[in-house]
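Biologist: Put the model up, please. I want to go through the labels and hear the reasoning behind each.

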Amino acid sequence: MWSHTMTVQDYQDLIDRGWRRSGKYVYKPIMNKTCCPQYTIRCHALKFQPSKSHKKILKKISKFISKGELPKGQEDGEPMDSVCEETGPREPSKVCQAEAKCAAITDVQTEISERPAITEVQTEEADAAPTTSETPRKDAESLLDGRTTAAAPKPGMGVDPNRPPCRKAKDLRKERRLQKEQMRQHTDGVSSIVAPTPPTHTNQPKTLEDFIDESLPDNTSHCLEVRLVRSSPPSPQFKASFDASYQVYKLYQMAIHKDPPDKPSESQFRRFLCDSPLEAESSPDGPEMGYGSFHQQYLLDGRIVAVGVIDILPTCVSSVYLYYHPEFASLSLGSYSALREISFTRQLQKQSPKLSYYYLGFYIHSCPKMRYKGQYRPSDLLCPETYMWVPIERCLPQLENSRYARFSQDPDAGDARLLKDVGRALVLYRRTVMPYAAYTRKRKGSSDETEVQQYAGLVGQDCAERILLYRA
């Protein structure tokens, strides 16, 4: 349906019933009829921890900003270029041997290219590596060459029980530092003996913000800035950067989506990504910039290279679209922008406690390329019948068996906002607001009851009583 204007609370309630917007056009898939059911997905931003693939993307960005080196090879540039490693089981028939070999080789090459000449500290899964594993780069590369042609290795004997257990490099450094301090005190004539303190295990996992900060080091070849501008109504900064932003969009559509040059016109760009029905609102307990529609512009050395289109709503940041300059397709900017938007949601939550979710749009399990959204955990999918949120881990087994699924396990659960009385739905008729029941009395013999009944059922009783449905 076409929406001329809408409050942010109305839109929040609509997307919590499976609706989305494209410009001012607001739509909802009929889930049990469409060929590819599209389930609304949201991420718990406050509980989010970056996965291994997310950390690789942040390291890739860091390497580019600090050294100015773009990754070799062009990737497809879509957000799904970040391998979905936690989205649940894939169908075995769809994983070919060549794909598996390619993934294994790519992982090794990435590990070698990112490893310094001497392995000092790795704070992730490789923390437990012994200090004797300082393999020269040439040896590692020769190992890689041999791996691509050699036969499968024989089963090993397991861990050597005679060797001491592996310890984290960080703990080893602390112990060496303590030993040096004790030696220095003995040298200075200190009689007291300092007993070694047992290693403490209070290490907290790094937050998303820690990884993002590390990806933006000082003394770099490039400067990356993220700027938020209101797109509707357009702010002065949005107007000043409109042409530069549009040119990036046009290049993106032509290169990534293969649009002909005349299709991504300026008017189409405005309708699709700039126009919005959401009213600009603010509240005392809301975020500083208020609610509504915004563009997050990514500026590299002062030049726009990517733009994330978002809506800031009462309980979430909703991602609308992301476009970027094709020159930087290999940087996985789709996934990087999602990580930045999750971090932005966490920042807004400090100002507005209710705003704690990041909506990624639709999760389409029947389309493998669209499963990447399931890697931002923890996340929920919206049940298409009860409109309750269900953890994605509980939904995936059902989606493996059927494209359409009711996620709620309670057979008695239903739609809490189910339409009860279509006569109370509000309509706008001849510049007058009235309940639909009053409208039908004025328009005797009205033939649109089925249409209004369907509309009110899709938006729910609450929204039907707040949103004005235009009647000619």
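Modeller: What follows is a run through the sheet, the helices and the rings of a predicted model.

Biologist: What makes β4 and β10 the edge strands?

Modeller: Each of them pairs on one side only. The sheet is open and has eight strands, in the order β4-β5-β6-β7-β8-β3-β9-β10. Its pairing is mixed. Neighbouring strands are turned by 35 degrees against each other on average, direction ignored.

Biologist: How do you know that β7 and β8 pair?

Modeller: Two strands pair if DSSP finds at least two bridges between them. β7 (residues 316–324) and β8 (residues 357–363) have three bridges, in the parallel sense. So the pair meets the definition. Cys316 stands opposite Tyr357 in β8.

Biologist: What sits over the ring of Tyr357?

Modeller: The charged end of Arg42, 3.8 Å from the ring centre. The distance cut-off for such a contact is 6 Å. Arg17 lies over the face of Tyr387 in a similar arrangement, at 4.3 Å from the ring centre.

Biologist: Which helices pack on the sheet?

Modeller: α9 (residues 266–274) touches β4, β5, β6 and β7. Its direction makes about 155 degrees with that of β7. α11 (residues 392–401) lies across β3, β8, β9 and β10, and runs at about 85 degrees to β10.

Biologist: Why are α8 and α9 called roughly perpendicular?

Modeller: They pack at an angle of about 95 degrees, with their axes 11 Å apart. Angles of 65 to 115 degrees count as roughly perpendicular, so the label holds. Phe242, Ser245, Tyr246 and Tyr249 in α8 meet residues of α9, among them Phe269, Arg270 and Phe272.

Biologist: And why are α2 and α10 called roughly perpendicular?

Modeller: Their axes cross at roughly 105 degrees and come within 10 Å. That angle lies in the range 65 to 115, so α2 and α10 get that label. The contact is made by His54, Ile57, Leu58 and Ile61 of α2 with Leu333, Ser335, Tyr336 and Leu339 of α10.

Biologist: Now the rings. How many aromatic pairs does a search of the whole structure find?

Modeller: The search finds 19. One of them is Tyr249 with Tyr323: 5.5 Å centre to centre, 80 degrees between the planes.

Biologist: Why is that pair called edge-to-face?

Modeller: Centres must lie within 6.5 Å, and planes over 60 degrees apart count as edge-to-face. At 5.5 Å and 80 degrees, Tyr249 and Tyr323 therefore qualify. Tyr249 lies in α8 and Tyr323 in β7, so the pair ties together parts 74 residues apart in sequence.

Biologist: What makes both of these tyrosines buried?

Modeller: Buried means under 20% relative accessible area. Tyr249 has 0%. Tyr323 has 0%. Ring pairs also link both into a cluster, including Phe238, Phe242, Tyr246 and Phe269.

Biologist: What makes Tyr359 and Trp389 an edge-to-face pair?

Modeller: They are 5.6 Å apart centre to centre, with 80 degrees between the planes. The angle is over 60, so the pair is edge-to-face. Tyr359 is in β8 and Trp389 in β10, 30 residues apart. Tyr359 has 1% relative accessibility and counts as buried.

Biologist: Why is α1 described as mostly covered?

Modeller: Seven of its eight residues are buried. They are Val8, Asp10, Tyr11, Gln12, Asp13, Leu14 and Ile15.

Note on methods
Residues are numbered from 1 along each chain as its sequence is written. This is a predicted model: local features need pLDDT of at least 70, side-chain atom pairs count only at pLDDT 80 or more; totals for chains, interfaces and linings use all residues. Side-chain values use heavy atoms; hydrogens and water are left out. Helices (H or I, at least four residues) and strands (E, at least two) are DSSP runs, numbered from the N terminus. Axes are lines fitted to C-alpha atoms, for helices over the stretch in contact, and angles run from 0 to 180 degrees between N-to-C directions. Contact means heavy atoms within 4.5 Å. Rings of Phe, Tyr and Trp (its six-membered ring) pair if their centres lie within 6.5 Å; planes under 30 degrees apart count as stacked, over 60 as edge-to-face and the rest as tilted. Buried means under 20% relative accessible area, exposed over 50%, partly exposed in between (1.4 Å probe, protein chains only). A charge sits over a ring if NZ of Lys or CZ of Arg is within 6 Å of the ring centre and within 35 degrees of the ring normal. Angles under 35 degrees count as roughly parallel, over 145 as roughly antiparallel, 65 to 115 as roughly perpendicular and the rest as oblique.
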